[in-house]
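Dear colleague,

Here is the structure I said I would pass on. My notes on it follow below.

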Amino acid sequence: MVKLGRNMRSVSIVGVGCTPFKDFEEHPETQGMGEGEAFGYAALEAISDAGLEPRDVDFFYHGAANPYLISDSITPNMQVADWFGMRGKGSVHHSEACCTGYVALEQAVMAVASGTYDVVLSGAVDLASTLPVEHMPSHVRQDFPLEVMIPSLDKIYDRAYGRPLDGAFGVSFDNWINEYSMQYDLAPEQIDEALNGLTKSLRRGAVANPLGWYDTTIEQDAAAVGMDSADEYLKSVYNPRVTQYLRVTGFEKKCDGAAALVVMPTEKARALGVPHALVEVLGTGASAVEAGLVHNEHWATSIASKQVYKLTGVSPDEIDLFMCNDFFLASEIASAEECGYLPRGEAWRYAIDGRTAYDGDKPINPHGGRCNFGHAHGASGLADIYEAVKQMRGAAGATQMAQIPQTTFLRGFGGSQNVRCQILRTVEA
């Protein structure tokens, strides 16, 4: 076991919970749910998964990417506590765009490692497929059109000194994969094959996952429109390019969802006899690069990954599973190499060959990732952690990796700026 800094305690994840990642208004299990109920659903599942009761939790963190726009609320942590038996308990709300779920883990771990609290819950929720109706109960929702979403995006840029929205936002989607293609002299067709390969693998994982958005594979989608193969479909008018490289299937599938986890000191968890294998958080690397800067994601990932490897002493060849925020799909290829999980200049081949699928030899996002499992903005990082913990317990169901991973690398990225790189490892019995 490791100590997270001087005089700090080892901390393990002991419970996880996750709602379906769906359109809550359309899905029968979640119809009529508001943010409080969704957060409570994930929180109570995580608490129960740890073999605890709400009264055992000392403090909780509440995350959401944009609560004012998407939830019509301020200080939402105070508004959800009653939903899972935490009235009167200390809490705080935080928001780091799509990196919120990874920051949720970082903050919970440090609160326990420091000795401030013994049992901490950390969760996040976003109903990202719809918008609230002002002054109505939170489960009453309306459509979330692009004309509402697009004007809000410039809020993530430094408008005083950075590039304007129209010069930065579209560029950011292709920025890193374009750099990658030039570095390794790859033709656009090779990048296209790689991204389509990822889509096929990730969709299979999402369809097999009962919490995921999709229920049809790319092969089934192709057959439904009279096409002979997934490759034909992915290169057709049904999947057009919307940037230089990325097609429709290479972007996030916006949805509703919540996820949560519970952490406590590793020794306390052992003493309590927590009913699962313990997953220790070895450390976090953190960086943030302003959104309007070229290569912001690359820079921040490089900085944070080096930090976490130095902090933990883990080497890249020890990583069994790579989880990555891929709300535009090209991130998987580039970040997997930058974090040392796949060889430099080779990730695109792994993607084409299907080796990054849940049943491949180098899995990335077995649950399907943002473009296929679904992207509930701030909650998605915690859904990644939920999946990683399930895989490390050997309890991931139909998408369980053939070899149960012992060490997982998490690469969180959000709002074109924040990056967290974290390493999890199963505690030996």
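To begin with charge: the protein carries 33 positive and 55 negative charges, and the mean positions of the two sets are 6 Å apart. Please keep in mind throughout that this is a predicted model.

Overall shape and packing

The C-alpha trace spans about 55 × 50 × 50 Å along its principal axes. The radius of gyration is 20 Å, which agrees with the value near 22 Å that a compact globule of 429 residues would have. The secondary structure consists of 15 helices and eleven strands. Of the 429 residues, 59% are buried. Among contacts with a separation of 6 or more, 74% join residues that are 24 or more positions apart. The accessible surface amounts to about 16,700 Å², and carbon and sulfur atoms account for 52% of that surface.

Annotated span

The UniProt record, an unreviewed entry, places the feature "domain: Beta-ketoacyl synthase-like N-terminal" at residues 79-129. In the model, that span is 31% helix and 25% strand, and the C-alpha atoms at its ends lie 21 Å apart.

Asparagine 418

This residue belongs to strand β11, which covers residues 418-426. Its relative accessibility is 16%; the cut-off for buried is under 20%, so asparagine 418 counts as buried. Leaving aside neighbours within four places in sequence, asparagine 418 is in contact with Glu96, Cys99, Ser287, Ala288, Gly412 and Phe413. Glycine 197, which is 221 residues away from asparagine 418 in sequence, is 27 Å away in space, C-alpha to C-alpha.

Two residues with positive phi

Threonine 75 has a phi near 45°, a positive value in a residue other than glycine. Most residues other than glycine have a negative phi. Threonine 75 sits in the loop between α2 (67-71) and α3 (76-80). With a relative accessibility of 41%, threonine 75 counts as partly exposed, since that class runs between the 20% and 50% cut-offs.

Asparagine 365 also has a positive phi, near 50°, and is likewise a residue other than glycine. The loop that holds asparagine 365 runs between α13 (347-352) and α14 (369-372). Is asparagine 365 buried or exposed? At 1% relative accessibility, asparagine 365 counts as buried.

Regards

Notes:
Residues are numbered from 1 along each chain as its sequence is written. This is a predicted model: local features need pLDDT of at least 70, side-chain atom pairs count only at pLDDT 80 or more; totals for chains, interfaces and linings use all residues. Side-chain values use heavy atoms; hydrogens and water are left out. Helices (H or I, at least four residues) and strands (E, at least two) are DSSP runs, numbered from the N terminus. The radius of gyration is taken over C-alpha atoms; the globule rule is 2.2 Å times the number of residues to the power 0.38. Buried means under 20% relative accessible area, exposed over 50%, partly exposed in between (1.4 Å probe, protein chains only). Contact means heavy atoms within 4.5 Å. Accessible areas come from the Shrake-Rupley method with a 1.4 Å probe; for residues, only the protein chains shown count as cover. Lys and Arg count as positive and Asp and Glu as negative; His and the chain ends are not counted. The place of a charge is taken as NZ of Lys, CZ of Arg, CG of Asp or CD of Glu. UniProt positions are given in the numbering used here, feature names are shortened, and annotations may be inferred rather than shown by experiment.
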